[in-house]
Amino acid sequence: MSDRTQGTVAGSMTREMIGEMWKNLQRLPDLDRKLFQYGPFLLGGTAGLASLIANNLYRRALNVTQAAITTSLPVAVLPVVYTAALYTVMVSVPLLNGDLNCPTCVPLQGSVVGLTSGTIYPIFLALPVNISLAYRYNTILKPEKGKTFRFWVDISIPILRKMRGIILMQGLFGTYLGYMNFETYTKLARITFAPDKEELSD
């Protein structure tokens, strides 16, 4: 970014500036624009896939065969919506509002979203759903009183180990998406605040 651009985005931005940045989003190269607009949903989609995998692993560990569809739908849909919304709130909107212009912070926040709502949240969302089914259909013996938490931990540790690769991939994907979105923001700031405002090409 030029010195003028850096000074503008680092300071307070008026509503007119923010509105112009949102409008200039359509002038960006097609790949940059689509990754910025639909990237959160891609991250949410991978979170939904991770949730389905975790759900399947818990069902196997707990010997649950009942209610496959009715449990899979909320377990898959909620992480998609939550992850996309969280990434938008933590990364996309602050970028376009000029509140987040640190080249290190943006990938870091993307990584945090990918790790937490993209994997940890889906895994622990699948746990109570399948535990309740296992208790209802008596597919496992209920733990003794006072040992419930330890039982949940013992069930979850092998599943977390199996999902280490997915957790790593989600973190890397969130980091990559944050990095690419910051590059998009840099281009957007340049065409918004540069004197010539030349339209960028692919």
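The following paragraphs describe the helical architecture of a predicted model, with attention to the packing around helix α7 and to selected residues.

The secondary structure of the protein consists of seven helices and zero strands. Read from the N terminus, the order of elements is therefore α-α-α-α-α-α-α. The chain comprises 202 residues, of which 43% count as buried. Among contacts that link residues at least 6 apart in sequence, 80% join residues at least 24 apart. Zero disulfides are present in the structure. Cysteine residues with partial exposure include Cys102, at 26% relative accessibility, and Cys105, with a relative accessible area of 30%. Both values fall between the limits of 20% for buried and 50% for exposed residues, and the two cysteines are therefore classed as partly exposed.

Helix α7, spanning residues 164-193, packs against α3, α2 and α4. Two packed helices are described by the angle between their axes and the distance between the axes.

The first pairing considered is that with helix α3, which covers residues 30-61. The axes of α3 and α7 come within 9 Å and cross at roughly 170 degrees. Because angles over 145 degrees count as roughly antiparallel, the two helices α3 and α7 are assigned to that class. On the α3 side, the contact is formed by Asp32, Leu35, Phe36, Gly39, Pro40, Leu42, Leu43, Thr46, Ala47, Ala50 and Ile53. These residues meet Ile166, Gln170, Phe173, Gly174, Leu177, Met180, Asn181, Thr184 and Lys187 of α7. Classified by residue type, the contact of α3 with α7 contains 12 nonpolar, six polar and two charged residues.

Helix α2, formed by residues 15-24, also packs against α7, and the axes of this pair come within 9 Å. The crossing angle between α2 and α7 is roughly 115 degrees, which makes α2 roughly perpendicular to α7. The crossing of α2 past α7 is right-handed. Met17, Glu20, Met21 and Asn24 of α2 make the contact, together with Tyr185, Leu188, Ala189, Ile191, Thr192 and Phe193 of α7. In this contact of α2 with α7, seven residues are nonpolar, two are polar and one is charged.

In the third pairing, the axes of α4 and α7 lie 9 Å apart, and the packing angle is about 20 degrees. Since an angle under 35 degrees counts as roughly parallel, α4 and α7 are described as roughly parallel to each other. As α4 passes α7, the crossing is right-handed. The residues of α4 that take part are Tyr87, Ser92, Leu95 and Leu96, which meet Leu177, Gly178, Asn181, Phe182, Tyr185 and Leu188 of α7. The contact of α4 with α7 divides into seven nonpolar and three polar residues, with no charged residues. Leu177 and Asn181 of α7 appear in the contact with α3 and also in the contact with α4. Tyr185 and Leu188 are likewise listed for α7 in the contact with α2 and in that with α4.

Individual positions were examined within this arrangement. Ala47 lies in helix α3 and belongs to the α3 residues that meet α7. With a relative accessible area of 0%, Ala47 is buried. When neighbours within four places in sequence are left aside, Ala47 is in contact with Pro79, Thr83, Ser117, Gly118, Pro122 and Gln170. The C-alpha atoms of Ala47 and Ala84 are 9.2 Å apart in space, whereas the two residues are 37 residues apart in sequence.

Thr192 is located in helix α7 and participates in the contact with α2. Its relative accessible area of 2% places Thr192 among the buried residues. Thr192 and Trp22 are separated by 170 residues in sequence, yet the C-alpha to C-alpha distance between Thr192 and Trp22 is 9.6 Å.

Asn63, by contrast, is found in a loop, namely that between α3 and α4, the latter spanning residues 68-96. At 48% relative accessibility, Asn63 counts as partly exposed, because the limit for an exposed residue is over 50%. Residues up to four places away in sequence not being counted, Asn63 touches Thr139 and Ile140. The C-alpha atom of Asn63 is separated by 9.7 Å from that of Tyr137, which is 74 residues apart from Asn63 along the chain.

Note on methods
Residues numbered from 1 in each chain as written. Predicted model: local features only at pLDDT ≥ 70, side-chain atom pairs only at ≥ 80, totals over all residues. Heavy atoms only, no water. Disulfide = S-S within 2.5 Å. Buried < 20%, exposed > 50% of the residue type's maximum accessible area, 1.4 Å probe, protein only. Axes fitted to C-alpha atoms, helices over the stretch in contact; angles between N-to-C directions. Helix = DSSP H or I, 4+ residues; strand = E, 2+ residues; numbered from the N terminus. Parallel < 35°, antiparallel > 145°, perpendicular 65-115°, else oblique. Contact = heavy atoms within 4.5 Å. Nonpolar A, V, L, I, M, F, W, Y, C, P; charged D, E, K, R; others polar. Left-handed = near helix turned anticlockwise from the far one by under 90°.
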